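Me: Hi! I have a new structure open and would like to walk through it with you. Could you start me off with a term I'll need?

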Amino acid sequence: MTATGHVMSSSPGTTDSTAPRWRYDPQPRRPDWGIHGTTFKNISKQTPIRIAPLPAQATLCLQQGPFTATPLVVPGERVLTGQPIAVDTGGTRIHASVTGRVSAVGLRPVPGPQPTRAPCVVIQREGDEEWHESCEPVADPSRLAPAEVCRRIAAAGIVGLGGALYPTARKLAPGVPIRALLVNGVECEPWITCDEVLLRERAASVIAGARIAMHALGAAHAVIAVEGDMPEARVAVHDALQAAGDSGIGLAVVTAKYPAGGERQLVQLLTGEEVPAGGLPRDLGYVVQNAGTLAAIATLFRSGEPLVARIVTVTGNGVAAPGNFEARIGTPLRQLVDLAGGYRYPPTRLLMGGPMMGWALPDDDLAVTKATNCLVAATAAELAPPRPEMPCIRCGECVQTCPARLLPHELHAALRRGDYATLAALALDACIECGCCDYVCPSAIPLTARFVAARRQDAAEPDAPS
Amino acid sequence: MKFGVVQAPHWRNAGDVAGMMREVLYALAPAAVAYTYFFGPGLLLNIVVAATVAIATEALALRLRGRTSRLALSDGSALVCAVLLAFCLPPLTPWWVTACGSAFAIGVAKHLYGGLGFNVFNPAMAGYVLLLAAFPGYLAGWLPPNVGDLDYRALSLAESATYTVTGSLPPGVELDAVTRATPLTVVKAELGQMRTMGEIVVDPVFGDFGGAGWEWIGNFITLGGLWLLYRGIIRWQVPAAMLAGLMLPALLLYLTDAETHPSPLFHLYSGGTLLGAFFIATDPVSSAVTDRGRLVCGAGCGLLTFAIRHWGIYPDGVAVAVLLMNLAVPTIDRYTRPRPYGY
Ligand code: SF4
Ligand code: SF4
């Protein structure tokens with residue numbers, strides 16, 4: 001399945017001495033699943049990362065991935081940039097992203113798979129920016145104990161910036177020996193370029209973050225995976241690795257195919273191993289971290305800044321000047337659209353995330369969250385409305401493309417029959433909801449949406465027949 | 001600004017069922033031209049009859065089943081089925097024979113099983129085999145091919161149409177005088193009378209490898225098949241496995257005794273082999289779904305075709321072989337399920 005020519009080795013759970021070593025390997029690893037098509041990345045990666053001006057108002061969503069944080073501030077309170085304003089039970093904090101006054105704490109519309117509301121803290125910016133006193137740099141993170149590194153990462157509110165928002169500190173304290181850190185620079189969804197421009201411009205920062213993460217994990221090896229269609233990023237990483245000297249960090253190239261950047265798919269491509277069903281990469285001795293997350297870790301230790309900003313790609317034919325912006329969390333989306341030249345050819349759909357797994361937003365009156373990697377303002381020509389559904393003709397395209405090697409057409413038939421035994425036998429729970437089957441289906445069956453709904457329902461009622 | 005909310009994925013490939021069917025029709029066009037050149041306009045008449053009946057039957061069946069018919073009709077699958085059936089019928093076929101086959105294909109083989117996507121059997125082949133069983137006499141006689149050294153009476157479009165509609169030929173022309181057995185039938189009959197291949201192929205209905213004229217039609221069918229492969233409408237597994245399944249045993253026998261066994265190339269260029277391999281066994285609905293399953297399915301079609309041609313009473317076996325493999329598809333699918341990731 002994967003291109004070989006690497007020293008691949010050993011069984012799960014073994015330690016460093018048997019870990020695979022990656023060198024610079026220009027030969028791309030080519031998946032035999034997924035979709036290969038126009039990526040539309042060129043439209044947003046022509047310009048360097050631009051720093052978005054501070055917003056007049058920041059709306060900070062208190063829900064991060066699976067956790068909801070408890071607010072630490074009340075309306076009327078003055079807050080400084082970087083000041084913790086909420087904390088969740090896992091110790092992950094949320095910080096004020098601007099200096100100003102809390103104007104409201106309460107439910108606000110937030111981006112999500114469906115239009116939804118969640119608790120938020122709203123801050124009106126006032127006066128000049130002042131950083132909170134807790135924001136202190138650390139000269140040499142490798143002198144800190146791994147547990148202390150993780151504590152600081154949680155306290156800085158760093159979560160998986162690939163979109164899942166899983167607390168990074170938890171991933172960095174897996175409780176099992178880790179063979180290697182896999183750095184995910186494979187930004188496989190079309191349109192999105194925030195990780196690519198980050199690697200292109202700030203490769204050294206990603207490498208510094210990777211070193212800190214390796215220290216926390218006790219892993220001697222790491223590999224930075226980039227896509228075959230990001231040559232500038234690849235060269236930048238390569239040069240930065242050489243400048244950094246031998247640090248046990250390698251570089252691998254993955255063919256630009258969606259969803260090569262999915263966590264499980266990346267493990268498979270880089271190591272030839274498959275994450276066991278129901279398990280996590282750490283069960284094999286790997287931890288996957290998004291490149292942006294590692295850059296945030298590097299920023300934390302270098303300058304003491306917690307996670308108050310992220311890079312957002314604003315793209316699509318529906319904006320006049322697409323590009324990447326480093327924006328404070330809580331920045332109104334409308335402001336980013338204006339920075340990108342405003343709307344044109346009125347767009348018909350606004351997506352947060354990519355076109356495969358992203359969310360369609362009901363309006364632009366929402367704010368940047370830590371998950372906002374991309375905003376696509378798409379015209380009807382780019383993203384056509386769904387076609388009417390037709391019967392499955394068993395063409396097998398969905399089977400050929402499914403990265404989880406499922407039989408989507410049979411899953412779909414079993415779902416319609418309500419045949420839960422077959423659904424389990426066909427391993428619906430291995431579906432990663434990537435949307436590839438929908439993409440290829442000539443009958444335009446909304447397969448993924450139905451699988452997602454069935455899985456949600458299954459999770460909601462654990463006693464459902466299975 | 002407000003936007004539409006729809007579920008992910010938002011991005012879809014442009015391909016749809018109607019587009020796939022259109023590609024199939026395009027791919028058949030060169031073969032249809034060649035066919036018309038060698039065997040006269042009969043094919044076109046058969047297509048008109050089969051297509052009219054197929055679409056009418058489809059509309060009726062959809063209405064009886066209470067479906068809205070516009071969308072389902074527009075997918076083009078009934079038209080493809082009709083054209084494939086027409087390709088299997090002799091150029092001179094009475095309209096009611098074609099109509100029976102077409103109505104059975106769409107009405108019974110397709111809609112009685114639940115319509116597009118649910119039919120177990122390839123509808124075109126089901127229709128053809130019904131005709132083979134019910135009216136074998138009408139399917140036996142082909143016109144001789146239009147090649148230089150064959151002396152035959154060409155029928156004009158009007159004469160062919162008259163026969164198709166009324167069953168009568170121009171005065172003074174007997175059906176037996178204008179039709180001939182197909183090369184496969186000739187080989188089967190003559191070998192049965194202990195003649196050798198060397199003696200048989202001197203008959204002018206034979207060309208270099210297979211039947212005269214048939215070879216060219218075969219080449220154009222292959223061209224269409226390659227087009228479908230190139231456009232990603234079909235995958236290589238079924239055609240490759242089917243041709244291998246037919247030609248390998250043929251080669252084995254041919255190597256043991258070339259005088260009593262037709263060559264693998266003769267098998268390739270005769271009867272429904274190429275049409276079957278590229279256009280019929282590849283029908284997605286009634287074939288296996290996984291790559292491995294398709295290899296099994298294609299190989300089965302090829303081997304069964306060979307077995308029927310070699311041991312059976314029918315000169316050709318593609319249609320029956322395809323139907324038999326259609327029956328085996330659920331089992332093949334069951335045993336070629338891929339292992340899901342991480343299991
Ligand atoms: S079945 Fe699931 S994993 Fe497979 S292609 Fe569809 S969405 Fe992706
Ligand atoms: S891609 Fe669509 S039509 Fe083809 S087998 Fe899968 S579900 Fe059926």
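Reply: Sure! A residue is called buried when its relative accessible area is under 20%, exposed when it is over 50%, and partly exposed in between. One thing to keep in mind as we go is that this is a predicted model.

Me: Okay, let me try that out. Is A:Arg151 buried, exposed or partly exposed?

Reply: A:Arg151 is partly exposed, because its relative accessibility is 46% and the partly exposed class runs between 20% and 50%.

Me: What does the side chain of A:Arg151 pair up with?

Reply: It meets the side chain of A:Glu148 in a salt bridge, with N to O at 3.1 Å. Both residues sit in helix α1 of chain A, three residues apart, which is about one turn of the helix.

Me: And which other arginine does A:Glu148 form a salt bridge with?

Reply: That would be A:Arg152, where the closest N and O atoms are 2.9 Å apart. A:Arg152 is also in helix α1 of chain A, four residues from A:Glu148, again about one turn. As for accessibility, A:Glu148 is partly exposed at 23%, and A:Arg152 is partly exposed at 28%.

Me: Why would side chains like that pair at all?

Reply: Side chains of opposite charge can pair when their charged atoms come close.

Me: How many salt bridges are there over all chains?

Reply: The structure holds 27 of them. One joins A:Glu129 and A:Arg328, with the closest N and O atoms 2.9 Å apart. That pair links distant parts of the chain, since the two residues are 199 residues apart: A:Glu129 is in the loop between β11 and α1 of chain A, while A:Arg328 is in strand β17 of chain A.

Me: Are those two buried or exposed?

Reply: A:Glu129 is partly exposed, with a relative accessible area of 29%. A:Arg328 is buried, at 15%.

Me: Which residues are linked in a network of salt bridges?

Reply: A:Arg78, A:Arg101, A:Glu126 and A:Glu130 are linked that way.

Me: Switching topic! How much area is buried between chain A and chain B?

Reply: About 4700 Å², and carbon and sulfur atoms give 58% of that. Chain A brings 72 residues to the contact, and chain B brings 42. On the chain A side, A:Ile393, A:Arg394 and A:Tyr439 supply 16% of the area that chain A buries against chain B, more than any other three residues.

Me: How many salt bridges and polar contacts go across there?

Reply: There are five salt bridges between chain A and chain B. One of them pairs A:Asp438 with B:Arg12, at 3.0 Å from N to O. The interface also has 23 residue pairs in polar contact. Elements of chain A that give two or more residues to this side include α5, α9, α11 and α12. By class, the chain A side has 44 nonpolar, 13 polar and 15 charged residues.

Me: Now the ligands. What's around ligand 1?

Reply: Its shell includes the cysteines A:Cys402, A:Cys431, A:Cys434, A:Cys436 and A:Cys437, along with others such as A:Pro403 and A:Phe451. Helices α11 and α12 of chain A each give two or more residues to the shell. The shell divides into nine nonpolar residues, two polar and one charged.

Me: And which residues are around ligand 2?

Reply: Among them are A:Cys392, A:Cys395, A:Cys398, A:His409 and A:Cys441. A:Ile393 and A:Arg394 are there as well, and both were in the trio we met at the contact with chain B. This shell divides into eight nonpolar, three polar and one charged.

Me: One last stop, in chain B. Where is B:Thr336, and is it buried or exposed?

Reply: B:Thr336 lies in the segment after α17 of chain B. It is buried, with a relative accessible area of 8%.

Me: What does the side chain of B:Thr336 make a polar contact with?

Reply: With the side chain of B:Thr290, at 3.2 Å. A polar atom of the B:Thr336 side chain also lies 2.7 Å from the backbone oxygen of B:Ile332. Leaving aside neighbours within four places in sequence, B:Thr336 is in contact with B:Thr290, B:Arg292 and B:Gly293.

Me: Great, thanks for the tour!

Notes: Residues numbered from 1 in each chain as written. Chains lettered and ligands numbered in written order. Predicted model: local features only at pLDDT ≥ 70, side-chain atom pairs only at ≥ 80, totals over all residues. Heavy atoms only, no water. Near = heavy atom within 4 Å. Nonpolar A, V, L, I, M, F, W, Y, C, P; charged D, E, K, R; others polar. Contact = heavy atoms within 4.5 Å. Buried area = accessible area lost by both parts, 1.4 Å probe. Salt bridge = Lys/Arg side-chain N within 4 Å of Asp/Glu carboxyl O. Polar contact = N/O pair within 3.5 Å; in protein donor to acceptor, adjacent residues only side chain to side chain. Buried < 20%, exposed > 50% of the residue type's maximum accessible area, 1.4 Å probe, protein only.
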